[in-house]
Amino acid sequence: LHQQQQQQPQQQLSQPQPQHRQRQPQQQPQQQLAGMVVNSGVNGSGTITPIKELSQYGGSKFKIKARVVLKGDVRKFANARGDGQFFKVDLADGSGEISGTFFGRAVDIFYTMVQQGQVYTFARGAVKAANPRYDKTPLCIMFEEQSVIELVPDDEGLPGLKFDCTPLSEIDSKEVNCQVDVRAIITAVTEPHTFISKKSNKEVTKQELGLWDNSGIGGSTCTEVTFWGAQNATFSVGSVILAKNARVSEWNGAKSLNSPATFELDRDEPQASSLKAHFEDYRKRNGLPVARVRGSNGARRTIAECREEDMHLALPPPPGQPFEAGAPRSVHNHVVLGTVTFLPLDRMPCYPACPELVESSRGSSTGEPAAKRQCAKKLTQEGPGFWACMNGHTCSQPNYRYICRAGIADATGSLEIQLYDSAAEPLFGCPANEIARLWELRETDDASAKRLQQITTRLTFRQSCFRLTAKKEVWQEEERVRYGVNEGSVVDFVKEGQRLLRDVNATAAVISN
């Protein structure tokens, strides 16, 4: 009888539902809000559980009151079960902190509701062992669409964002992919660099900073941190940065920091003032610390400086063998401002590439699958309108890609560089398919020959900016350094002047302090 009494109101409420189904998309925000209100009485006792008392064996019958000290962006992923999405938060109360992850429809329901810095009560979550690759706490709460989250008045007794800072000298002893907080002085700043990711085939932006603190032998340790995506803040040499949940990564045998969840600049605190005082004392005695940023200090290098640094390059280890800790690097990256002095045109500066889309061999560290890539193997014409590559793909029309060598020079020396498709197109000013068309018509069509000459002439003896990768290799039983271009662009003299002015002001500010 009691069950029948409970079912009768539900049956009465369910009768008018068909009248509203046609307007369901318009009422979706109301349904989400209503779902959160209806489930607000899940924890009937109303007892607040301290975060430190949560256990993965206690089930979902808990209710915590915590401040959202950190909130991440929505991330997309795909696996055998299909596409998905999630975002992460860090929650804190007076007893401790815990990570939280929202999956699936919970992202749509709660992402805009949960705001960093606000205080909420949380219920109907699953407490599980955390993944140390993504979480700093030993436990993590998994939230789904049935979870209950309610905004409550602010509580000054709940802590805000805290930094448990690790000295830079201890970064090398940390496991790869673990997360750390750091407090350091910015000693180098690169310009934001936008490129097409080989993993996702999407446009991404990264910026690198050189960092210093007074830890380690001699009271000086340097490392670098990489930011992904456009940053709203302006980084300056000499500023103190507090980075939260920076991931320890390893590249070419050296460890560095990646993708902080959040950061603060020049925080008003005694620790920052003390670090600045140590920095000024060190700088007066030893000069400005030089922090390597992916093989350079982030500033423009002369060709002579590149050659001198690359004399210390080592050959990479054989495939399958790890890099030896402390060994010389096998790759350096440079940013060079140079003038193209020669461009050999004894053969076409591009090749017919296979347009077939294939699975990328590169995995994704975020769980997001790598997009398909172009096969790009060289095609051979086996008949009219019939091309084939060594992988067995065939097509009727190739997709040409740039590949050529060129010489660049500045006031200190010269280099021979290798230009590839994505880096060469901005310099040539047209796609490789256009160059191939003009090349085939150059002997029979005067207009095509003239246009081809205009393009190649415009490229030479013009100042351009090159991001170079230097690698040591063995060629015909002799060691040599090979320079490939990751990115090439014609110099914008207005932006170049602004960049030089920022460098002058940053150096003057450090000297004046």
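# Strands, cores and one helix

Gly100 has Ile141, in strand E7, as its bridge partner. The model is predicted: local features need pLDDT of at least 70 and side-chain atom pairs count only at pLDDT 80 or more, while totals for chains, interfaces and linings use all residues. Residues are numbered from 1 along each chain as its sequence is written, and side-chain values use heavy atoms, with hydrogens and water left out.

**Strands E3, E4 and E7**

- Strands (E, at least two residues) and helices (H or I, at least four) are DSSP runs, numbered from the N terminus.
- Strand E4 (residues 96-103) is joined to strand E3 (residues 82-93) by 8 bridges, and the two run antiparallel; two strands pair if DSSP finds at least two bridges between them.
- E3 and E4 make a hairpin, with 2 residues between them.
- One of the bridge partners across E3 and E4 is Glu97 in E4, which faces Ala92.
- E4 is also joined to strand E7 (residues 139-143), here by 4 bridges and in parallel.

**The sheet E20-E21-E22**

- An open sheet of 3 strands has the order E20-E21-E22, with antiparallel pairing.
- E20 (380-383) and E22 (394-395) are at the edges with a single partner strand each, so one side of each has no neighbour in the sheet.
- Strand E21 (residues 386-388) is joined to E22 by 2 bridges, and the partner of Trp387 in E22 is Cys395.

**Nonpolar cores**

- The largest nonpolar core (buried Ala, Val, Leu, Ile, Met, Phe, Trp, Tyr and Cys residues joined through side-chain atoms within 4.5 Å) has 41 residues, of which Ile417 and Phe428 touch the most other members.
- Apart from this core lies another, of 23 residues, including Phe87, Phe110, Val114 and Phe122.
- Leaving out residues up to four places away in sequence, Ile417 touches (heavy atoms within 4.5 Å) eight-residue company that includes Cys404, Ile408, Phe466 and Val485.

**Helix H4**

- The 17 residues of H4 (residues 270-286) should span 24 Å at 1.5 Å a residue (1.5 Å times one less than the number of residues), and the end C-alpha atoms are 24 Å apart, which agrees.
- Ala272, Leu275, Phe279, Glu280, Tyr282 and Arg283 of H4 are buried (under 20% relative accessible area; exposed is over 50%, partly exposed in between, with a 1.4 Å probe and protein chains only).
- These buried residues cover an arc of only 165 degrees around the axis (taken from the directions from the helix axis to the C-beta atoms), which puts them on the same side of H4.
- Pro270, Lys284 and Arg285 are exposed, on the face of H4 turned away from the buried side.
- Gly287, just after H4, has a positive phi of about 85 degrees.
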